[in-house]
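Biologist: Please take one part of this model and describe it closely. Then set that part in its surroundings.

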Amino acid sequence: MHNSASELVPDDEELVERSLAGDVEAFEVLVRRYGRAVYAVAGRFFRQPEMREDIMQETFLKAYQALHTYRRGASFERWLMKIAMNACYDELRRMKRRREFSLADLTEDERTWLEEALAKPAFELFERQQQSEDAVAVAEKLLASLSPEDRLVMLLYERDGLSTAEIGELMGWSRSKVKIRLFRARRALDKRLRRMVRMARPASGSKAHVDEPGSRRSE
Amino acid sequence: MTCRDIRKRIRAWARSAGPEGLPSAEREVIVNHLLRCAACEEEMRVMALKRVLLQATRGAEADPDPALYARVSARLRESWTRPVFSFWEVVRATAASVVLVGVLVFLLLVGVNVYINRIATERWDFISALMERNLSEAERLVFAGEEELSPEGVLTALASELRESR
């Protein structure tokens, strides 16, 4: 007679029960099972490995301390991801926020990268994504001027393509709160980007706004 | 296609894969529009730059260092000595502690009260006895415990009383 797969590999709920009964090894199985996913969540907001490691440590410690609040029958992974997201959010709030973004904050190399990127035709800039350390540095400085909430929703919605419902569920926010935050975050980021484009790129000449029927100028 | 349509499209690109895969006819319409419209061209740059910068912040899809699991386990084991209580266990333990402390305080108060009453009664009885019996100084001293119950002490007090009565 042989053991079935389910007997060999305990499910999440069983491991949670054993952890609550004081079995530390059962919780370590959960750490190994979801460590990579938690590390990936931290990677959405922090590139530095040390920062990601801190988030991972904090997430599992919080999960252990709050294990009694895990509702039986719910997805353990989803419950854990919420804790990880909130750990990231707490870390973003702890980080020092820049008052405002200015081109003067950029180094010579970063400014050169920006000017070269903006010198290209707009379509080319859109289509040929260049990953460079200078781009990362410019992005980090730009995002550091946003509030933690704006930064979080911008990355999750605009970059990672999560829906407002998904963000709401992960953060424990109502959908309307996510939408309001998103509106404010977009307005704040676009304002900074527009200023960056105007300052880093000399006026392109005498192009006028095209008056087409039904057209509407933006601000 | 109006400026409004074009900007709506451009903003959607910032979040999606960008204008790749756009049908060539549509692409030509948009390119021509951007060549003539400075406002839409600027919007295109703003959205493109937004996409480039946001994508640049995406961390590498790296796996955690295998040693990290050991470090997490070590920290967990440090805090593992504290037992994990459920909500109702915490409520029960708190209620039991409150009841126990309450009983102890009650018993203490009762004990103190009994002791004080006993002392007060004894004192009162003693004072009453002194008043009623009009005891001599020697007896008072003996009853009050201010003088040792020795023959010398009693004799000294009696001698002093005799002197005063003469």
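Modeller: In α4(A), the residues A:Glu53, A:Met56, A:Gln57, A:Phe60, A:Leu61 and A:Tyr64 meet a set from α4(B), namely B:Leu68, B:Val72, B:Arg75, B:Leu76 and B:Ser79. Contact here means C-beta atoms, placed from the backbone, within 7 Å; helices are DSSP runs (H or I, at least four residues; strands are E, at least two), numbered from the N terminus. Seven of the residues in this helix contact are nonpolar, two are polar and two are charged (nonpolar: Ala, Val, Leu, Ile, Met, Phe, Trp, Tyr, Cys and Pro; charged: Asp, Glu, Lys and Arg; polar: the others, Gly among them).

This is a predicted model, in which local features need pLDDT of at least 70 and side-chain atom pairs count only at pLDDT 80 or more, while totals for chains, interfaces and linings use all residues. Residues are numbered from 1 along each chain as its sequence is written, and chains are lettered from A and ligands numbered from 1 in the order in which they are written.

As for geometry, α4 of chain B covers residues 66-79, and its axis comes within 10 Å of the axis of α4(A), crossing at roughly 35° (axes are lines fitted to C-alpha atoms over the stretch in contact, with angles from 0 to 180 degrees between N-to-C directions).

The helix pair belongs to a wider interface, in which 59 residues of chain A contact 51 residues of chain B. On the chain A side, α4 (49-65) is one of the helices that each supply at least two residues; the others are α3 (24-45), α6 (108-119), α7 (122-127), α8 (133-143), α9 (148-159) and α11 (175-200). The most comes from α3(A), with nine residues. The side of chain A that touches chain B holds 31 nonpolar, 13 polar and 15 charged residues.

A:Val29 also lies in α3 of chain A. A:Val29 is partly exposed because 17 other C-beta atoms lie within 10 Å (20 or more would make a residue buried, 12 or fewer exposed). Its C-alpha atom is 10.0 Å from that of A:Val16, 13 residues away along the chain.

Both chains contribute to the largest nonpolar core, which has 72 residues; A:Ala42, A:Ala84, A:Cys88, B:Leu49 and B:Leu53 have the most contacts inside it. Such a core is a set of buried Ala, Val, Leu, Ile, Met, Phe, Trp, Tyr and Cys residues joined through C-beta atoms within 7 Å. Helix α3 of chain B (residues 38-56) gives the most to this core, with ten residues. Leaving aside residues up to four places away in sequence, B:Leu49 touches A:Ala117, A:Leu125, A:Leu193, A:Met196 and A:Val197.

Chain A is built of eleven helices and zero strands, and 32% of its 219 residues are buried. Chain B has seven helices and zero strands; of its 166 residues, 17% are buried. Among contacts between residues at least 6 apart in sequence, 66% in chain A join residues at least 24 apart, and the figure for chain B is 50%.

On confidence, the model scores ipTM 0.80 and pTM 0.66. The mean pLDDT (the predictor's confidence in each residue, from 0 to 100) of chain B is 79, and 75% of the residues score at least 70. Among the elements of chain B, α3(B) has the highest mean, 89, and α6 (residues 137-144) the lowest, 60. Where pLDDT is low, the predicted coordinates should not be read in detail.

Technical notes
Contact = placed C-beta atoms within 7 Å.
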